[in-house]
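The following exercises ask the reader to work through surface, helix packing and charge pairing in turn. Each task is followed by a worked solution.

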Amino acid sequence: MFTRSELEIKTIKELRDLCLRYGIKPTGNKGYKTSWITSLMVFPRMALSQFETGKGLKPPTFAFMQALSNAIDEMNSPTDEQAALIKITMEGRIMNYPDRYTQEKLLALHKAKMHLEMAIGLLSQ
């Protein structure tokens with residue numbers, strides 16, 4: 001990510017600003033460039049190591065993925081008429097009250113299903 005040579009030419013303020021930008025804390029005394037440089041050089045590998053050991057952000061279990069798939073299956077697919085209403089709603093056409101509430105609910109459910117399908121796709125990589 002960062003090379004030692006590109007970090008060595010920076011001032012302590014520039015190094016501190018980089019650390020603040022990425023949310024990294026210096027290792028050791030804040031008054032030494034080495035503390036900032038060390039943190040900036042090792043954080044990418046530490047992040048991957050933590051991920052590989054299951055610390056912090058980690059992938060969901062197989063059971064959770066199955067539950068997401070079940071939720072999508074339970075939502076079913078829209079009928080032709082519902083699909084048409086979803087399309088026209090996405091074009092900005094809205095119904096009068098009180099039907100508008102149900103129209104918005106249908107669109108929200110459609111969007112939620114699409115996001116769940118995208119999430120499963122991303123998590124399956």
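## Exercise 1. A nonpolar surface patch

In this predicted model, Met41, Val42 and Met46 form a nonpolar patch on the surface, and together they present about 230 Å² of accessible area. Locate Met41 in the secondary structure and classify Met41 as buried, partly exposed or exposed.

*Solution.* Step 1: Met41 is placed in helix α3, which covers residues 33-52. Step 2: the relative accessible area of Met41 is 31%. Step 3: buried means under 20% and exposed means over 50%, with partly exposed in between. Met41 is therefore partly exposed.

## Exercise 2. The crossing of two helices

Determine how helix α5 is oriented relative to helix α6, and state which residues make the contact.

*Solution.* Step 1: helix α5 comprises residues 80-90 and helix α6 comprises residues 99-123; their axes come within 10 Å and cross at roughly 95°. Step 2: angles of 65 to 115 degrees count as roughly perpendicular, so α5 is roughly perpendicular to α6. Step 3: on the α5 side, the contact is made by Gln82, Leu85, Ile86, Thr89 and Met90. On the α6 side, Gln103, Leu106, Leu107 and His110 take part.

## Exercise 3. A salt-bridge network

Which residues are linked with Asp17 in a network of salt bridges? Describe the individual pairs and the exposure of Arg16 and Asp17.

*Solution.* Step 1: Lys13 pairs with Asp17 in a salt bridge whose closest N and O atoms are 2.9 Å apart. Both residues belong to helix α2 (residues 12-22), where Lys13 and Asp17 are 4 residues apart, about one turn of the helix. Step 2: the side chains of Arg16 and Asp17 also meet in a salt bridge, at 3.7 Å from N to O. Step 3: Lys13, Arg16 and Asp17 are thus linked in a network of salt bridges. Step 4: Asp17 has 33% relative accessibility and so counts as partly exposed; Arg16, at 32%, likewise counts as partly exposed.

## Exercise 4. A further charge pair

How many salt bridges does the structure hold, and which residue forms a salt bridge with Arg45?

*Solution.* Step 1: the structure holds 4 salt bridges. Step 2: Arg45 forms one with Glu52, the closest N and O atoms lying 3.4 Å apart. Step 3: Glu52 has a relative accessible area of 59% and is therefore exposed.

Conventions: Residues are numbered from 1 along each chain as its sequence is written. This is a predicted model: local features need pLDDT of at least 70, side-chain atom pairs count only at pLDDT 80 or more; totals for chains, interfaces and linings use all residues. Side-chain values use heavy atoms; hydrogens and water are left out. Patches are made of residues with over 30% relative accessible area and no salt bridge: like charges are joined within 9 Å, nonpolar side chains (Val, Leu, Ile, Met, Phe, Trp, Tyr) within 5 Å. Accessible areas come from the Shrake-Rupley method with a 1.4 Å probe; for residues, only the protein chains shown count as cover. Buried means under 20% relative accessible area, exposed over 50%, partly exposed in between (1.4 Å probe, protein chains only). Axes are lines fitted to C-alpha atoms, for helices over the stretch in contact, and angles run from 0 to 180 degrees between N-to-C directions. Angles under 35 degrees count as roughly parallel, over 145 as roughly antiparallel, 65 to 115 as roughly perpendicular and the rest as oblique. Contact means heavy atoms within 4.5 Å.
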